[in-house]
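Colleague: I should like to understand how the terms used for a protein model are justified. May I put some questions to you, with the structure before us?

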Amino acid sequence: RAEHQDIRELHIGLLNMMPDAALLATEHQFIRMVGACNQIAQFYVYPFSIPELNRGPEAEAHIRQHYFDFADLQEQGLDALIITGANVSHPDLSQEPFWQPLNAVVDWAMENVTSVLCSCLATHAVMQFHHGMHRAPLPAKRWGVFPHRVLQPHHPLVNDVNTLFDVPHSRYNEISQAQLTAAGLKILVASAAGDVHVAVSPDQFRLVFF
């Protein structure tokens, strides 16, 4: 963004790829969390989506009325980007309709945005097309709430978080801790069983994976 921008004003893109039933809930959840995380800086959140995703008429109407065009956000510039999860219907993520447009958004963000947070399936997708790491199916659905431990207590993302806390999981596939480590990522939070909750790129902030 502008060279002399007031650091108390930050502009965040929210790429919402969730299905129609969860579109608004996900949008509101992230906006609430962003708004509550800092009482000094003023955050502006710009939701947008990917046209290739199959939407019903109500979701399409909501996106037309309330969401921004990615091209306009590229011209305006963003300080940070949040990418949500998505529902999938193919065994290989590269076959999903969001694959190419998501890849284009991430490529742009890596050159123009300070930090990108990948949530849920977005982590799997970015790991595949940036690191060649494919997610693997689990023997059974991982579902429940599990204890996790902070492994890097001095990292600013977790330095004021309790060392041990619970994290919910609900998924059929995983990117393993070994894959994340092989890609050069730093694991911030993981369970004793090896389930990773938070990881970051080698520079500690450019990419954040949930």
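**Reasoning from values to terms**

Modeller: Let us begin with one side chain: that of Gln-179 reaches the backbone nitrogen of Ser-176 at 2.8 Å. Please bear in mind that this is a predicted model.

Colleague: What makes the approach of Gln-179 to Ser-176 a polar contact?

Modeller: The limit for a pair of N or O atoms is 3.5 Å. The distance from the side chain of Gln-179 to the backbone nitrogen of Ser-176 is 2.8 Å, which lies within 3.5 Å and therefore fits the term.

Colleague: Where does Gln-179 lie, and is Gln-179 buried or exposed?

Modeller: Gln-179 belongs to helix α6, residues 177-182. Its relative accessibility is 18%, and buried means under 20%, so Gln-179 counts as buried. Leaving out residues up to four places away in sequence, Gln-179 touches Met-127, Met-133, His-134 and Glu-174.

Colleague: Why is Gly-184 called partly exposed?

Modeller: Gly-184 is placed in the loop between α6 and β7. Its relative accessible area is 35%, and partly exposed covers the range between 20% and 50%, so the term applies to Gly-184. The C-alpha atoms of Gly-184 and Asp-203 are separated by 9.9 Å, with these positions 19 residues apart along the chain counted as their separation.

Colleague: Why does Ala-61 count as partly exposed?

Modeller: Ala-61 lies in helix α2. Its relative accessibility is 32%, which falls between the limits of 20% and 50%, so Ala-61 is partly exposed. The C-alpha atoms of Ala-61 and Gln-204 are 38 Å apart, and the two residues are 143 residues apart along the chain.

Colleague: What makes the phi of Gln-204 worth a remark?

Modeller: Most residues other than glycine have a negative phi. Gln-204 is a residue other than glycine, yet its phi is positive, near 85°. Gln-204 is found in the loop between β8 and β9, and at 25% relative accessibility it counts as partly exposed. Cys-120 also is not a glycine and has a positive phi, of about 55°; its place is in the loop between β4 and α5.

Colleague: Let us turn to the sheet. What is the order of its strands?

Modeller: Nine strands form an open sheet in the order β2-β1-β3-β4-β9-β8-β7-β5-β6, with mixed pairing.

Colleague: Why are β2 and β6 said to stand at the edges?

Modeller: β2 (42-48) and β6 (164-174) each have a single partner strand, so one side of each is left without a neighbour in the sheet. From one strand to the next, the twist averages 25°.

Colleague: How do you know that β8 and β9 are paired?

Modeller: Pairing requires at least two bridges. Two bridges join β8 (residues 196-200) to β9 (residues 207-209), so the requirement is met; the two strands run antiparallel. Ala-199 has Phe-209 as its bridge partner in β9.

Colleague: Which bridges pair β7 with β5 and with β8?

Modeller: Strand β5 (residues 136-150) and β7 pair in the antiparallel sense over three bridges, and Val-150 has Val-189 as its bridge partner in β7. β7 and β8 pair in the antiparallel sense over four bridges; here the partner of Val-189 in β8 is Val-198. β7 and β8 form a hairpin with four residues between them, and Gly-194 in the turn has a positive phi of about 100°.

Colleague: What makes β7 a mostly covered strand?

Modeller: Five of the six residues of β7 (186-191) are buried.

Colleague: How do helices α1 and α2 pack?

Modeller: Helix α1 (residues 20-36) and helix α2 (residues 57-66) pack at an angle of about 35°, with axes 9 Å apart. Their crossing is left-handed. The contact involves Asp-20, Leu-23, Leu-24 and Glu-27 of α1 together with Ala-59, His-62 and Ile-63 of α2.

Colleague: Which residues have the most contacts inside the largest nonpolar core?

Modeller: They are Leu-15, Met-17, Leu-81, Ile-83 and Leu-102, in a core of 40 residues. Apart from neighbours within four places in sequence, Leu-102 is in contact with Leu-15, Met-17, Ile-50, Ile-83, Ala-125 and Phe-129. A second, separate core has 15 residues, including Leu-14, Phe-43, Leu-188 and Val-208.

Terms used. Residues are numbered from 1 along each chain as its sequence is written. This is a predicted model: local features need pLDDT of at least 70, side-chain atom pairs count only at pLDDT 80 or more; totals for chains, interfaces and linings use all residues. Side-chain values use heavy atoms; hydrogens and water are left out. Axes are lines fitted to C-alpha atoms, for helices over the stretch in contact, and angles run from 0 to 180 degrees between N-to-C directions. Buried means under 20% relative accessible area, exposed over 50%, partly exposed in between (1.4 Å probe, protein chains only). A polar contact is a pair of N or O atoms within 3.5 Å; within protein, one must be able to donate a hydrogen and the other to accept it, and residues adjacent in sequence count only if both atoms are side-chain atoms. Contact means heavy atoms within 4.5 Å. A nonpolar core is a set of buried Ala, Val, Leu, Ile, Met, Phe, Trp, Tyr and Cys residues joined through side-chain atoms within 4.5 Å. A crossing is left-handed if the near helix is turned anticlockwise from the far one by less than a right angle, and right-handed if clockwise.
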